Amino acid sequence: MNRREVIGAMSLAAAGVMMVQPGCAATGARADVAAGGTAGAAATLLPGFDRDKGQYVLPDLPYAHNALEPHIDEQTMRLHHGAHHAAYVRGLNAALENLRKAREADDFGLVKHYSREVSFHGGGHALHTIFWANMAPASNGGGGEPEGELRNRINDSFGSFEKMKSHFSAAAAAVEGGGWGLMVHDLLSDRLLVIQGENQQKLTTWAAIPVLTLDVWEHAYYLKYQNRRALYIENWWNVVNWSDVARRVG
Ligand code: MN3
């Protein structure tokens, strides 16, 4: 997956914009989208929308609920994926349905409320979808350090992998309330940035594609770690799937 495909995937998912994938004739790619076919790059990187149903859906975890033990416990994973993430998917679909009804009735009295709902639940759906894929058990590629082109890009953007890791850990630990530690690919500069996400949608910069996401809401760690967020972050590095991060950066 190269950078341009990632950009295309995010654009398709976020805005319905048609991007031409490398290697595809322009007309072929557009015909696929127009016919309702699944856009390959988007479906691979962000498997959270069912084009046949026209609805957002909860993607399966790419591993068993207990696969990330001992770093992230099974009960947390069951609640986090099956209850919390699922609620964001339902909330996003509901908000969009209510906005559809508002257009139908030409009554936009609640447009501010539902617009906020789309950002909150849509942000939650997108970031959790990436979060699950960003992790893997050690037996299947989790942990270790980034290599190759991703390593070079991290070095260029942060000085070294160790500097990035310290920066990311500090940013995640310092998120106020519920939110996210994020490494993003900034399309303005074509560099990687570390930012904080508050809730599911605040403090972003708009040309930023999330490539590494760490949920630091209490629901992500409290059963096992209680108030020790920093320890959760330290242990989480043991399950980062760097090859997934690499394909998102391109
Ligand atoms: Mn969460």
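Which helix does T129 lie in? Select T129 and see: the answer is helix α5. Keep in mind that this is a predicted model.

**Stop 1: T129**

Show the side chain of T129. Its relative accessibility is 5%, under the 20% cut-off, so T129 counts as buried. Now add H125. The backbone oxygen of H125 lies 2.7 Å from a polar atom of the T129 side chain. Next, bring up the residues that T129 touches beyond four places away in sequence: L46, P47, P59 and H85.

**Stop 2: the manganese ion**

Stay on helix α5, which covers residues 111-133. Select H128, then the manganese ion. Which protein residues donate to the manganese ion? Pick H80, H128 and H219, each through NE2, and D215 through OD. These donors lie 1.9 to 2.2 Å from the ion. Along the sequence, the donor residues follow the spacing H-x47-H-x86-D-x3-H. H128 sits in helix α5 and D215 in strand β5, so this pair ties together parts 87 residues apart in sequence.

Colour those two by accessibility. H128 has 0% relative accessibility and therefore counts as buried. D215 is also at 0%, so D215 counts as buried.

**Stop 3: helix α7**

Select residues 161-173, which form helix α7. Draw a distance between its end C-alpha atoms: they are 18 Å apart. That agrees with the expected span, because 13 residues at 1.5 Å a residue should also cover 18 Å.

Which residues of α7 are buried? Highlight F161, M164, F168, S169, A171 and A172. They cover an arc of only 165° around the axis, which puts them on the same side of α7. The helical repeat is worth recalling here: an α-helix has 3.6 residues a turn, so residues three or four places apart point the same way.

Now show what covers that buried set. Among the helices are α6 (148-158), α9 (229-236) and α10 (242-249). The cover also includes strands β3 (179-186), β4 (191-198) and β5 (208-215). Strand β5 was on screen at the previous stop, as the home of D215.

**Stop 4: the whole chain**

Zoom out and switch to cartoon. The chain has 10 helices and 5 strands. Buried residues make up 43% of its 250 residues. Turn on contacts between residues at least 6 apart in sequence: 64% of them join residues at least 24 apart. Finish with the surface. The chain exposes about 12,300 Å², and carbon and sulfur atoms supply 51% of that area.

Methods: Residues are numbered from 1 along each chain as its sequence is written. This is a predicted model: local features need pLDDT of at least 70, side-chain atom pairs count only at pLDDT 80 or more; totals for chains, interfaces and linings use all residues. Side-chain values use heavy atoms; hydrogens and water are left out. Helices (H or I, at least four residues) and strands (E, at least two) are DSSP runs, numbered from the N terminus. The expected span of a helix is 1.5 Å times one less than its number of residues. Buried means under 20% relative accessible area, exposed over 50%, partly exposed in between (1.4 Å probe, protein chains only). The arc is that of the directions from the helix axis to the C-beta atoms. Contact means heavy atoms within 4.5 Å. Donors are N, O and S atoms within 2.8 Å of the metal (3.2 Å for Na, K and Ca); water is not among the atoms, so sites may look incomplete. A polar contact is a pair of N or O atoms within 3.5 Å; within protein, one must be able to donate a hydrogen and the other to accept it, and residues adjacent in sequence count only if both atoms are side-chain atoms. Accessible areas come from the Shrake-Rupley method with a 1.4 Å probe; for residues, only the protein chains shown count as cover.
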